[in-house]
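The following briefing gathers notes on charge, burial and backbone geometry in a single chain. Please read it alongside the sequence and the coordinates shown here.

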Amino acid sequence: MFAVLAAITSALSAINSTIATFKEGKANAQDAAALLGKFGSTAQRLDDWERKKKLKRPLTPKEAMDLSIKRREIKNIDEEDKKIIIEALWDIIYSDEDADMYETNLMRRLSGLLYLDPKIVGDIKEKIRQKKT
């Protein structure tokens, strides 16, 4: 269980590093794709971890505290940074001028993991979609 938390922590660190790259304007499509992969794998790890937690036993106090700390770290990421991430990912998704149901589902889940208001995410999505068409 601690290995999963360590992997999630590592992914969060990599995500923060990529956010810095986006802020500096040095990011490219490969960086954005890597970021998307990190979010996807982190989301999957959290889902797997929660599923295992429900099937086996209650969390120990230490595990509960670790999970709480990781969620707090995500919540404490600056909202503008979160918007930059979402905008970059929607830009990739709409690079072919279409978003399929799997891409939109992934973005819905990621925005939830980032604790972003769905209205904000929808506005970003619409802005990118209008720009691409």
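In this predicted model, Asp-96, Glu-97, Asp-98 and Asp-100 together form a negative patch on the surface. One of these residues, Asp-100, is placed in the loop that runs between helix H4 (79-93) and helix H5 (101-113), and Glu-97 is likewise found in the loop between H4 and H5. The chain as a whole contains six helices and zero strands, and its pattern along the sequence reads α-α-α-α-α-α.

**The negative patch and its loop**

- Asp-100 counts as partly exposed because its relative accessibility is 36%, a value that lies between the limits of 20% for buried and 50% for exposed.
- Glu-97, another member of the negative patch, is classed as exposed because its relative accessible area is 52%.
- The backbone of Glu-97 also deserves a note, since this residue has a positive phi of about 65° although it is not a glycine.

**Salt bridges in helices H3 and H4**

- A search covering the whole structure finds eight salt bridges, among them the pairs described in the next points, which involve Glu-73 with Lys-70, Glu-79 with Lys-83, and Lys-83 with Glu-80.
- Side chains of opposite charge can pair when their charged atoms come close.
- Glu-73 forms a salt bridge with Lys-70, and the closest N and O atoms of this pair are 3.9 Å apart; both residues belong to helix H3 (residues 61-75), where they are three residues apart, or about one turn of the helix.
- The two partners in H3 fall into separate burial classes: Glu-73 is partly exposed because its relative accessible area is 36%, whereas Lys-70 counts as buried because its relative accessibility is 15%.
- Glu-79 forms a salt bridge with Lys-83, with the closest N and O atoms 4.0 Å apart, and this pair lies within helix H4 at a separation of four residues, about one turn of the helix.
- Lys-83 also meets the side chain of Glu-80 in a salt bridge of 3.4 Å, N to O, and here the two residues of helix H4 are three residues apart, again about one turn of the helix.
- Through these contacts, Glu-79, Glu-80 and Lys-83 are linked in a network of salt bridges.
- Each member of the network is partly exposed, as shown by a relative accessible area of 38% for Glu-79, a relative accessibility of 23% for Lys-83, and a relative accessibility of 46% for Glu-80.

**Other charged residues of helix H4**

- Lys-82, whose place is in helix H4, is buried yet has no salt bridge, and the nearest side chain of opposite charge, that of Glu-79, is 6.4 Å away.
- That distance does not meet the salt-bridge criterion, because a side-chain nitrogen of Lys or Arg must be within 4 Å of a carboxyl oxygen of Asp or Glu.
- A polar atom of the Lys-82 side chain does, however, lie 3.4 Å from the backbone oxygen of Lys-75.
- Asp-91 is also placed in helix H4, and it counts as partly exposed because its relative accessibility is 28%.
- Asp-91 and Lys-125 are 34 residues apart in sequence, while their C-alpha atoms are 8.4 Å apart in space.

**Helix H5 and the loop that follows**

- Ser-111 is found in helix H5 and counts as buried because its relative accessibility is 7%.
- A polar atom of the Ser-111 side chain lies 2.8 Å from the backbone oxygen of Arg-108.
- Tyr-115 is found in the loop between H5 and helix H6 (118-132), and it is partly exposed because its relative accessible area is 38%.
- The phi angle of Tyr-115 is near 60°, which is a positive value in a residue other than glycine.

**Burial across the chain**

- Of the 133 residues in the chain, 31% are buried; the individual residues that count as buried include Lys-70 and Ser-111, as well as Lys-82, which has no salt bridge.

Notes: Residues numbered from 1 in each chain as written. Predicted model: local features only at pLDDT ≥ 70, side-chain atom pairs only at ≥ 80, totals over all residues. Heavy atoms only, no water. Patch = residues over 30% accessible without salt bridge, like charges linked within 9 Å, V, L, I, M, F, W, Y side chains within 5 Å. Areas by Shrake-Rupley, 256 points an atom, 1.4 Å probe, with all protein chains shown as cover. Lys, Arg positive; Asp, Glu negative; His and termini not counted. Charge placed at Lys NZ, Arg CZ, Asp CG, Glu CD. Buried < 20%, exposed > 50% of the residue type's maximum accessible area, 1.4 Å probe, protein only. Polar contact = N/O pair within 3.5 Å; in protein donor to acceptor, adjacent residues only side chain to side chain.
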